[in-house]
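My notebook is open and the model is on screen. These are my entries, in the order I looked things up.

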Amino acid sequence: SSSSSSSSSSSSARVVGGIGTQKPAPIPPPGRLPHKALPDSLTLAGLEAGGADVSIRSMMRARRGSEEAQLFSAPENAIKHTFDPKTHTWSQVSTRVRVHRELLGKAGERKAFHMQDLSLGNGHVCMSYVAKVSVDQMEDRNGIFMAVEDRMYAREWARKFNKCDPPKRVDFVEAWLLELVDRPDSPLCAVEHFLAGSFRKHNNREGIAVDLQRNTPQAFCHFTYALSNQKLLICNIKGVGDKLGDMYTDPKICVLAEGGATSDSQDVDQQIIENFQATHKCNPICAYLKLPVINDRSYVAGRTVPAKQFASFTPFDLPVNGVAGAGGSNNSFIKQCCTLL
């Protein structure tokens, strides 16, 4: 009786565990195998590293996307303001955006947030934008527009630099303004594409180099100074780069006043240009472009060196050299220079 009972028990259950352990485990129904227990905590990286099932990876991506979507604000109406440096004009178009709730970073008087552009429609949403909102709600709106104008003018100077076939090309990330019309007082924010990569600062807003390991950024500053007949300087060069070229953001454009009384901002610009004159060290790209030596400070070799000593085509072959300043606002001279680029 007891043996038959034991035999019956062993036929309906399996013994698992070590010696002395009698924990029966249910036998799965015919045609089904026991599934592998899922861990308590899952990460997409861990799943991919472990070769998890495709459906599980898809589920995790969907969950992550859903969680990420909840971090964005509700869609809101906005007016997109874009500037054309060739015609010196602004244009506007209506759009809809979503701004990330969490702070991406803070630089100076700006807070940066990830932003989605919903204007493409049909389920296509571009998430690779950064919106920079002023901390000072009383900031001069005209100054915000002028900052974007400077960025777009700097792109024109970068194109002229690239025409001289330097070892590395440069560019400034495109920028525009968004007017968030659904919010009180319709605040403005500057918008640009998100720059992925190792972010580096090459010279500062005072016109002084902070990274002499790179030749291209310092040569570009020298290029703008020489080609404007020593009346303009683009500095505060920072951004990301690779073997093919550099992408910069948030430049500062300084212009020397043309005689007469100067404003406080023009006095600051003049001091920055004097700082550059006193501290710049020419490098192989400066020599390649046949830029005039600024001072007698020691020559810097740097890392990027042209394949040949001198370019066959230099910026001074074009008619922009020798342009006189307009004598008005800084931007009037910048416009005049860019017209000839």
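**Entry 1: a strand residue**

I began with Val97, which lies in strand 4; strands here are DSSP runs of E with at least two residues, helices are runs of H or I with at least four, and both are numbered from the N terminus. Before going on I noted that this is a predicted model, where local features need pLDDT of at least 70, side-chain atom pairs count only at pLDDT 80 or more, and totals for chains, interfaces and linings use all residues. I also noted that residues are numbered from 1 along each chain as its sequence is written, and that side-chain values use heavy atoms, with hydrogens and water left out.

Is Val97 buried or exposed? I found a relative accessible area of 1%, so Val97 is buried. (Buried means under 20% relative accessible area, exposed means over 50%, and partly exposed is in between, with a 1.4 Å probe and protein chains only.)

Next I looked up what Val97 touches, where contact means heavy atoms within 4.5 Å. Leaving aside neighbours within four places in sequence, its contacts include Ala74, Pro75, Met115, Leu118 and Leu178. Ala78 is also in contact with Val97, and the C-alpha atoms of these two are separated by 7.0 Å, with their positions 19 residues apart along the chain.

**Entry 2: across to Leu178**

I followed that contact to Leu178, which lies in strand 9 (residues 175-179). Leu178 counts as buried because its relative accessibility is 2%. Beyond the neighbours within four places in sequence, Leu178 is in contact with Val97, and also with Ala78, Met115 and Val191, among others. I then checked the C-alpha atoms of Leu178 and His81: they are separated by 6.2 Å, although the two residues are 97 apart along the chain.

**Entry 3: a loop residue**

Where is Glu102? I found Glu102 in the loop between strand 4 (89-99) and strand 5 (105-107). Its relative accessible area is 48%, so Glu102 is partly exposed. Not counting residues up to four places away in sequence, Glu102 touches Leu71 and Phe113. The C-alpha atoms of Glu102 and His114 are separated by 8.2 Å, and these residues are twelve apart along the chain.

**Entry 4: positive phi values**

I reminded myself that most residues other than glycine have a negative phi. Ser186 is not a glycine, yet its phi is positive, near 45°. Ser186 lies in the loop between strand 9 and strand 10 (188-193), and at 18% relative accessibility it counts as buried.

Asn229 also caught my eye, with a positive phi of about 60° although it is not a glycine. Its place is in the loop between helix 5 and strand 12 (232-235). Asn229 is partly exposed, with a relative accessible area of 32%.

**Entry 5: two helices crossing**

At what angle do the axes of helix 5 (residues 216-227) and helix 6 (residues 264-279) cross? I read roughly 115°, and the axes come within 12 Å. (Axes are lines fitted to C-alpha atoms, for helices over the stretch in contact, and angles run from 0 to 180 degrees between N-to-C directions.) Cys221, His222 and Tyr225 in helix 5 meet Ile273, Phe276 and Gln277 in helix 6. By class, I noted four nonpolar, two polar and no charged residues in this contact. (Ala, Val, Leu, Ile, Met, Phe, Trp, Tyr, Cys and Pro count as nonpolar, Asp, Glu, Lys and Arg as charged, and the others, Gly among them, as polar.)

**Entry 6: cysteines**

How many disulfides does the structure hold? I found zero, with a disulfide taken as a pair of cysteine sulfur atoms within 2.5 Å. Cys282 is in no disulfide, and the nearest cysteine sulfur to it, that of Cys286, is 4.4 Å away. Why is there no bond from Cys286 to Cys282? The sulfur of Cys286 is 4.4 Å from the one in Cys282, its closest cysteine sulfur, and that is too far for a bond. Cys282 counts as buried at 12% relative accessibility, and Cys286 counts as buried at 1%.

**Entry 7: the whole chain**

Last, I stepped back and found eight helices and 15 strands in the protein chain. Buried residues make up 40% of its 341 residues.
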